[in-house]
Structure formats: C-alpha cells, structure tokens
Amino acid sequence: MKNYIILFFSLLIFFSCEENNSNEINIYSKRHYQVDIKQYENFEKLTGIKVNVIKAGDDELLERLKNEGKNSPADLFVTVDAGKLQKGVEMGLFQQIKSDVIDNNVSDDLKDVNGFWIPITYRARLLVYSNERVEKSELSTYEDLSDEKWKGRLLVRSSSNAYNQALMSSLYANLGEEAVTDWSAGVVGNFARDPKGNDRDQVRSIAAGQGDVAIVNSYYIGLLLSSEKDSDVAAGKSVSVFFPNQAVGDRGAHINISGFAMTKNAPNKENAMKLLEYLTGEEAQNTYVNNSYEYPANPKVLPSEIVQSWGEFKRDKLDLNALGTYREDAIKIFDKTGWK
Ligand code: FE
C-alpha cells in the first residue's frame, strides 16, 4: 500500500512538472509581416505563454522539420501558401488539428478538406490597372491577359515566386494543360518588361508609366496606401483594383491563404492549440486585417476600411490543396513559355 501511495505522488509530481515546463510555443515561420510580432505579444500578455519564432523560406523549414524528426522543437509551421502546407502534409510532417473553436471561427471554403492545416487569413491575387491609361470595362478575366490588346502593357514578378506558382497552379487545375500553356505564352508576349521586383514594385512601375496592368496580391495595395512614404501612397492611388472572373457563372478570383499546421510531434501541443484558437478569434482577426490588409478567415470580422472600399468579390472555390498538387506542372509551363 505504502508503495502505491509513493507511486501515486511521484506520478502527480511528474505530471504537474510536465505541465509547468510547457510555457512556450515554437513556430517555424515563412511569414514576413510586422503584424505577426504584435499578435504573438498580445497572446503572451493574455496567457503568459512565450512564442518563439524561427523565420526562413518554407521549403527550407519543411526540410528542417523532416531532418529533425521526432526531436524537432517546432510545434507549428506557418506560411502564406496552401500549396506549401499541402507539401508538408505529403511529407508526413503534420497532425490533424481538431478544435470546435477553430472550426466555428473560420469559413468552410478556406479549410483543408483533410484537416491538416487551418487558415488565418486569405488574399486575392488580383489585377490593378492604371487610372490614366485603362478603362475598367477593358478588364474581365485572367484568361483575357493573353489577348493582344495588352501587348507591352503587363507587369508581373518572376515565376520563381510562390504567389505566381499558386496562380498558375489554379489556372492549370481550372483550365487544363493545353489552355494554360497557350495562356502563359500569350501573357509573356504581352510583358512590358522582363519580370523583376516584388508585387509593390509592379504598382510603382505603373505609377512611373512603365506598364498599365499588374498582377499583385491584394494586401500590398493596402500597404502602399497606408505607407509613410509619399511616393508609395501616390503609387497606390495611381491604380484601381480589379477582381477577375466575377461574371455570373465564372469561377471567381484566385485566392490563397495564410495558414498554420501542427507538427506531428508538437512538444507544446496544448499551448499551440490555444494560439490557433486565439488567432482565428475576433480580436486577433481584427489585428490582422487592420495591420496587414489581408482578408479575415473569420467571416464575423470585416476587412480593413481600405480593403472594404474595393467591394466584395467572388472567390474561386477550388480545393486549395490543388495549389500544391499542380505546382510542378505550373513550374514546367513557366519554363516552357519563357516566363522568367
Ligand atoms: Fe507577401
């Protein structure tokens, strides 16, 4: 009997120590936005749980997770592309996230059908056009960008960028290989210049008169318009936002999510779950939309005022895992059609 009592108390001490040890969360992050620091600080104030972040490229982080295996200190992986989350799932790095709170917080069409990752925000890869040189009525779909009327007028960044690879993957999934190859060749033929710079640089180039229409992620327009640099505000004001493929019966604009996955052996799983529940809740969702100008994954929260001013749009309901499934095909098409 005495032995049992000793065993009981030893176990009690063991388990309470386990709980106390875990006062942190380790995140491997591909996201490069200021707002994340603010979110983790707010969460730490609220819960006392410290959030540690290691930042790198997503392929690099996935490789690291694979090499670390069971010994990885990482609890969560966060990135800005469903395709990379899907890649991590295929590599067997994650566990399913089961939480009624998160399930209720986020829109159904943004979720992973297999439950391995969760969205926190989403963004549209949309068109912006020069207020001086383009009429809104001239724009319609992504497909239309291969039309000759855009010769020498299109601006877009390089094909090595994940945002473009996801867009091409979505077109591949929706249109098929042949149509998307022709489309890419047409778009390359319409470039105003060889691809260079980031999304914001494409808008700056429109303002400088180097091209008329650019493909960019939605939140960069919000970031330009709210910038402390006058020249960036002016660049943001020189363009208007256009959501492609909005006609009745058409599929909607291509979107992608920012999302989290839980690592297979997350050492601080309970804390990590608390963070995910917090980040998809109304307070944190408001922090995202008003600082990074992304769209909220939680439909109870409204986008920032700047983003609301563009109006609502229909989003492509393609299974977002397709952005990973067709990635290799998309890259082949870029190469074949000379999209640098
Ligand atoms: Fe970005």
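Let me start with a glycine. Gly324 counts as buried, at 16% relative accessibility. This is a predicted model, by the way. Gly324 is found in helix α14, residues 322-325. What does Gly324 touch, leaving out residues up to four places away in sequence? Gly83 and Gln86. Take Gln86. Along the chain, Gly324 and Gln86 are 238 residues apart. In space, their C-alpha atoms are separated by 5.7 Å.

Now to the metal. Which residues supply the protein donors of the iron ion? Tyr33, Tyr163, Tyr219 and Tyr220, each through its OH atom. These donors lie 2.0 to 2.1 Å from the iron ion. Along the chain, the spacing of the donors reads Y-x129-Y-x55-Y-Y. One pair links distant parts of the chain: Tyr33 and Tyr220, 187 residues apart. Tyr33 sits in the loop between β1 (24-29) and α2 (34-47). Tyr220 sits in helix α9, residues 218-225. Are these two buried or exposed? Both Tyr33 and Tyr220 are buried.

Why is the arrangement around the iron ion irregular? Look at the angles. The four donor atoms subtend 86 to 136 degrees. To count as tetrahedral, all angles must lie between 85 and 135 degrees. The upper end of the range is 136 degrees, so the arrangement is irregular.

Next, two helices. Helix α11 covers residues 269-280, and helix α12 covers residues 282-292. Their axes come within 4 Å. The crossing angle is roughly 65 degrees. Who meets whom? On the α11 side, Tyr278, Leu279 and Thr280. On the α12 side, Glu282, Glu283, Ala284, Gln285 and Tyr288. By class, this contact has four nonpolar, two polar and two charged residues.

Stay with α12. Which of its residues are buried? Ala284, Gln285, Thr287, Tyr288, Val289 and Ser292. Ala284, Gln285 and Tyr288 also belong to the contact with α11. The buried residues of α12 pack against several elements. Helices α2, α9 and α11 are among them. So are strands β5 (117-130), β9 and β10 (295-296). Note α9 in that list; Tyr220, one of the iron donors, is in α9.

Right after α12 comes Tyr293. Tyr293 lies in the loop between α12 and β10. Its phi is near 60 degrees, a positive value in a residue other than glycine. Most residues other than glycine have a negative phi. Tyr293 is buried, with a relative accessible area of 11%.

Asn245 also has a positive phi, about 55 degrees, although it is not a glycine. Where is Asn245? In the loop between β8 (239-242) and β9. Asn245 is buried, with a relative accessible area of 0%.

On to β9 itself. Ser258 is in this strand. At 0% relative accessibility, Ser258 counts as buried. The side chains of Ser258 and Arg123 are joined by a polar contact of 3.4 Å. Leaving out residues up to four places away in sequence, Ser258 touches a string of others, including Arg31, Thr79, Val80, Ile118 and Glu294.

Past β9, in the loop that leads to α11, we find Asn268. Asn268 counts as buried, at 7% relative accessibility. Beyond four places in sequence, it touches Ser22, Glu24, Ile25, Asn26 and Asp75.

Last stop, Asn52. Its place is strand β2, residues 50-55. Buried or exposed, or somewhere in between? Asn52 is partly exposed, with a relative accessible area of 23%. Sequence neighbours up to four places away aside, Asn52 touches Glu24, Ile25, Asn26 and Ile27. Glu24, Ile25 and Asn26 are also touched by Asn268.

Look at Asn26 in particular. Asn52 and Asn26 are 26 residues apart in sequence. From C-alpha to C-alpha, they are 4.8 Å apart. Their side chains are joined by a polar contact of 2.8 Å. The side chain of Asn52 has another polar contact, with the side chain of Lys50, at 3.5 Å.

That's the tour.

Technical notes: Residues numbered from 1 in each chain as written. Predicted model: local features only at pLDDT ≥ 70, side-chain atom pairs only at ≥ 80, totals over all residues. Heavy atoms only, no water. Axes fitted to C-alpha atoms, helices over the stretch in contact; angles between N-to-C directions. Contact = heavy atoms within 4.5 Å. Nonpolar A, V, L, I, M, F, W, Y, C, P; charged D, E, K, R; others polar. Donors = N, O, S within 2.8 Å, 3.2 Å for Na, K, Ca; no water. Tetrahedral: all angles 85-135°; square planar, octahedral: opposite > 155°, others 65-115°. Buried < 20%, exposed > 50% of the residue type's maximum accessible area, 1.4 Å probe, protein only. Polar contact = N/O pair within 3.5 Å; in protein donor to acceptor, adjacent residues only side chain to side chain.
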